[in-house]
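Work through these exercises with the structure open beside you. Try each task before you read its solution.

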Amino acid sequence: MEFNQQIPLLLDISTPDRTGYTLPELDVPEVELTELVPESLLRETEPQLPELSEVEVVRYFTNLSRRNYGVDVGFYPLGSCTMKYNPRMNEDIAALPGFSRIHPYQPEHTVQGALRLMYELDQYLAEIAGLAKSSLQPAAGAQGEYAGLLIIKAYHEARGEGEQRAEIIVPDSAHGTNPASAMMAGFTIKTVPSDERGGVNVAALKELVGPQTAGLMLTNPNTLGLFEDNIVEIAEIVHDAGGLLYYDGANANAILGITRPGDMGFDVVHFNLHKTFSTPHGGGGPGAGPIVVSEELVQFLPGPVVEKAEEGYYLAFPEKSIGRVKSFYGNFGVLVKAYAYIRHLGAEGLRQVSENAVLNANYLMHHLKNAYHLPYDRTCMHEFVLSGKWQKEFGVSTLDIAKRLLDYGIHAPTIYFPLIVEEAIMIEPTETESKATLDRFIQIMFTIAEEAKDNPEAVKAAPTTTPVGRLNETQAARNPILRRQAK
Amino acid sequence: MGFVPNTKAEQLEMLKTLGCSTIEDLFGDIPEELRLKRPLNLPEPLAEYQLIKYMTGLASKNKHLDHLVSFLGAGAYDHIVPSVIKHLVGRGEFLTAYTPYQAEISQGVLQAIFEFQTLIVELTNMEVANASMYDGASALAEAALLACNYTRRDKIGVPKNLHPEWLSIVKVYLESQDLEVIEIPYQLETGLIDLAALNPQLVSELAGIVVAQPNFFGGLEDVSAVAARVKDAGGLLIMAVDPLSLGLLKAPGDIGADIVVGDAGCLGSPISFGGPSVGFFAVSGKNLVRRMPGRIVGATTDAQGNTGYVLTLQTREQHIRREKATSNICTNQALNALIATIYLALLGKTGIKEVGYQCIQKANYLKQSLLKAGFKLRFNSLTFKEFVVQAELDWQKCNERLLEHGYLGGLPLAVVDEKLADSVLLSVTEARTKAEIDEFVALLRRYSNGV
């Protein structure tokens, strides 16, 4: 099948009575179904599922995969997403039946290996964060934020200030998830502006905090890829006002073994194991968003957590736990991969991860600022944000530049984020890219900048080499077709 | 180390380009007092061979389902997983991609999600399904939030025969927004929702009522009776269903469900100590679609008229609406949704019925065998693949003895409700054989006689 040929949907290639499975024999005596299910509860119309042979299913999904781009295919500098290489040995390890074939309610003495892994991962993350203890339960960063904010709420409630401390402060450069999570946790949201250097405007923060402040959510390095060098003062301002500090760990790839959120003054941290700790992104999950908290907040962690006694490891609920946010113990299969990654790299390896992530980002920024506007010209951390505003003068938007990159076989950076940068282009190379890849990317970005000037139509018509051309998103939203249409 | 390809020489060359002499120079913005002056306190690194050996050792400390015959369920099941699945989802183009922001080079993932939405809609007979949720429990919590938001009522009815973990998760989500969970009792004889508790005054205040079909005890609810009450009062009917039951049981859309959620981990995902699984979320009509949480994929065209797929209706989502979004969810469980899609493609129309049929027949065989052996059923309702058995037995101890024979017994319900201290929840899937069931019954009979 040609790469650019459209692939009909499963139901369009279905043939009546074809099957792609085998089941064990039904070897027990059967009774009439109507004896087991009252007629009124039996299905009347059968679901229209496809009927396909195994080989048809294999070819269908193999061909779909050929129309998809992953880190395994090429450079994927999607800012804030840390698209690093996903080590294959971790896949093999997570697939070991001792990890992938265990039931969450087995007696604890039969899953000591799994519990030990969780206990140790909790400790490793606490050491990396510079805090006391973790909960591995949240399924993704957003759920980690939500759980962390509930801990902040529980802390204030325990001090009799629950009603009063109803506000969460979020920078204008923050991920949209931050305010959305604060809303889910029942807080009202106050926005603190950025200063001219791209950091939190400290004077404005001083004005915002008060007895109504529950906490501040911050990414550090922030979404511009810049280290908040006023962090100690920021932490003091929030703590003095009686609030707590939440660290959005989406950008933790720059800090491993270099600096720690706990040492900066943060009280609650979430890590995205699918970003910093190399577990694959899976086309949009599963991720894992463990949270790590200070000693004082351990009692509020979502349960269960793993504890250790002489006889072995066991599950327990912290004393004033906020409860559960996720079934069972979180995305265990993802935890296994992150654990293996940490054990493979050790302290020195993790530090090299961050050093090289920062080196690669600065190398790209150093070159690309000659062709694209760099609104905050400072040493960056693991990522940086360009603006497409010079190209905009030729009628070429950041979206056009992103689409043109696809023609050159590269995944586009994150675009139009953070919101405080006009025509933003957010680039995160990660440590797993070579200088040769970076040099090629620089060349391509220069070529596109030239094209924007000399031949803007070519950029605006992009992409032309992909399986489909630029898709009409307005049409998709105005006339939503959200399932296969019956023929 | 760290999968860093750059050699020392290349690193030095890059540093020179930047006008730096050491990598330390790049961290100048980090105040000196915040720099970590010692190595992280972590175990020594292990090379690939040693790591795999070490991890295999750790894994071997767990007893697993290749060696245990499981009658344990309660939300995680030993269903059969076709081999093909791991090979397809292991393809790097799927595994190592992220959320399909660049649609033109993400048609594989986007079309797969579109298929997932289509198949969930077919199974549930609802109007629209989203791209996936973290798991069934958080999907239900979000459904309850949607109902409150939609009806502008601040209470939701949730039955006490819901999975206890799901119930507590729903409570956490609702109470954090000052919404109230009204727990609806179940009848002690049947284990089913006590319809008498649904008095008109109470129901008129509810944003909706949740019905688990089957419920936590495996029992089959008379959903229509609940539907009539809640819908007359202007609330929504929310159903939490087992997708593997839907080849046999009436589709939620045919009962009048407004929102349907469930856990689709049973559709081909490894059991993996309970996660990652995947939740699904489907609604009945247009008004609810615009308030749905999560990613949604839609079909559209390019300038040449080629069909293609994109993320759509994004004005609901956090990256655009921030605190006004319908939810904070962004990354979901795409790879597990892909697994479920492949599973449903393999099983198809007849397979989905056959798996459900085998589950209910084999579970019934265990049930009848236990009755013959003198055990009692805790509830007298009809059931799907799980049911509750009652006996004057120390179930914990009994399970320990079963383990010695390679059997994983059911979930003792003392942890759920003191009144059920003498009961255990058993689960039977299509993977069990008559011989295994017979031996399991023989062992239980032996322990109940104190032998």
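Two residues are in contact if their C-beta atoms, placed from the backbone, lie within 7 Å. Keep in mind that this is a predicted model.

**Exercise 1. The contact between the chains**

Task: Find how many residues each chain gives to the contact, and describe the side of chain A that touches chain B.

Solution:
- Step 1. Count by chain. Chain A gives 170 residues and chain B gives 168 residues.
- Step 2. Look for the main contributor. On the side of chain A that touches chain B, helix H11 (residues 332-368) of chain A gives the most, with 22 residues.
- Step 3. Sort that side by class. It holds 89 nonpolar, 50 polar and 31 charged residues.

**Exercise 2. The overall form of chain A**

Task: Decide whether the radius of gyration of chain A agrees or disagrees with that of a compact globule.

Solution:
- Step 1. Take the expected value. A compact globule of 487 residues would have a radius of gyration near 23 Å.
- Step 2. Compare. Chain A has 25 Å, which agrees.
- Step 3. Add the spans. The C-alpha trace of chain A covers about 75 × 65 × 45 Å along its principal axes.
- Step 4. Check burial. A residue is buried if 20 or more other C-beta atoms lie within 10 Å of its own. In chain A, 61% of the 487 residues count as buried.
- Step 5. List the parts. Chain A has 16 helices and 12 strands. Its domains are domain 1 (10-65), domain 2 (90-345) and domain 3 (352-473). The centres of domain 1 and domain 2 of chain A, taken over C-alpha atoms, are 42 Å apart.

**Exercise 3. A three-stranded sheet**

Task: Work out which strands are the edges of the open sheet E10-E12-E11 in chain A.

Solution:
- Step 1. Read the order. The three strands run E10-E12-E11, with antiparallel pairing.
- Step 2. Find the strands that pair on one side only. These are strand E10 (384-387) and strand E11 (414-415) of chain A, the edge strands.
- Step 3. Examine one pair. Four bridges link E10(A) with strand E12 (residues 424-427) of chain A. A:Leu386 has A:Ile425 in E12(A) as its bridge partner.

**Exercise 4. A covered strand**

Task: Explain why strand E8 (residues 279-283) of chain B is described as largely enclosed.

Solution:
- Step 1. Count the buried residues. Five of the five in E8(B) are buried, so the strand is largely enclosed by the rest of the structure.
- Step 2. Recall a rule. In a regular strand the side chains alternate between the two faces of the sheet.
- Step 3. Check each face. B:Gly279, B:Phe281 and B:Val283 are buried on one side of E8(B), and B:Phe280 and B:Ala282 are buried on the other.
- Step 4. Name the partners. Strand E2 (residues 128-129) of chain B pairs antiparallel with E8(B) over two bridges. Strand E7 (residues 259-263) of chain B also runs antiparallel to E8(B), joined by five bridges.
- Step 5. Trace B:Val283. This residue of E8(B) is the bridge partner of B:Val128 and of B:Ile259.

**Exercise 5. Helix H5 in each chain**

Task: Compare the span of H5(A) with the expected 26 Å, then do likewise for H5(B).

Solution:
- Step 1. Take helix H5 (residues 112-129) of chain A. Its 18 residues reach 25 Å from first C-alpha to last, close to the 26 Å expected.
- Step 2. Turn to helix H5 (residues 107-124) of chain B. Its end C-alpha atoms are 25 Å apart, and its 18 residues should span 26 Å, which agrees.
- Step 3. Look at burial. Buried residues of H5(A) include A:Leu115, A:Met118 and A:Tyr124. In H5(B), 18 of the 18 residues are buried, so this helix is largely enclosed by the rest of the structure.
- Step 4. Step past the ends. A:Gly130, just after H5(A), takes a positive phi of about 70°. B:Asn125, just after H5(B), takes a positive phi of about 60°.

Conventions
Residues are numbered from 1 along each chain as its sequence is written. Chains are lettered from A and ligands numbered from 1 in the order in which they are written. This is a predicted model: local features need pLDDT of at least 70, side-chain atom pairs count only at pLDDT 80 or more; totals for chains, interfaces and linings use all residues. Ala, Val, Leu, Ile, Met, Phe, Trp, Tyr, Cys and Pro count as nonpolar, Asp, Glu, Lys and Arg as charged, and the others, Gly among them, as polar. Two strands pair if DSSP finds at least two bridges between them. Domain bounds come from an automatic or database domain assignment. A residue is buried if 20 or more other C-beta atoms lie within 10 Å of its own, exposed if 12 or fewer, and partly exposed in between; C-beta atoms are placed from the backbone. The expected span of a helix is 1.5 Å times one less than its number of residues. The radius of gyration is taken over C-alpha atoms; the globule rule is 2.2 Å times the number of residues to the power 0.38.
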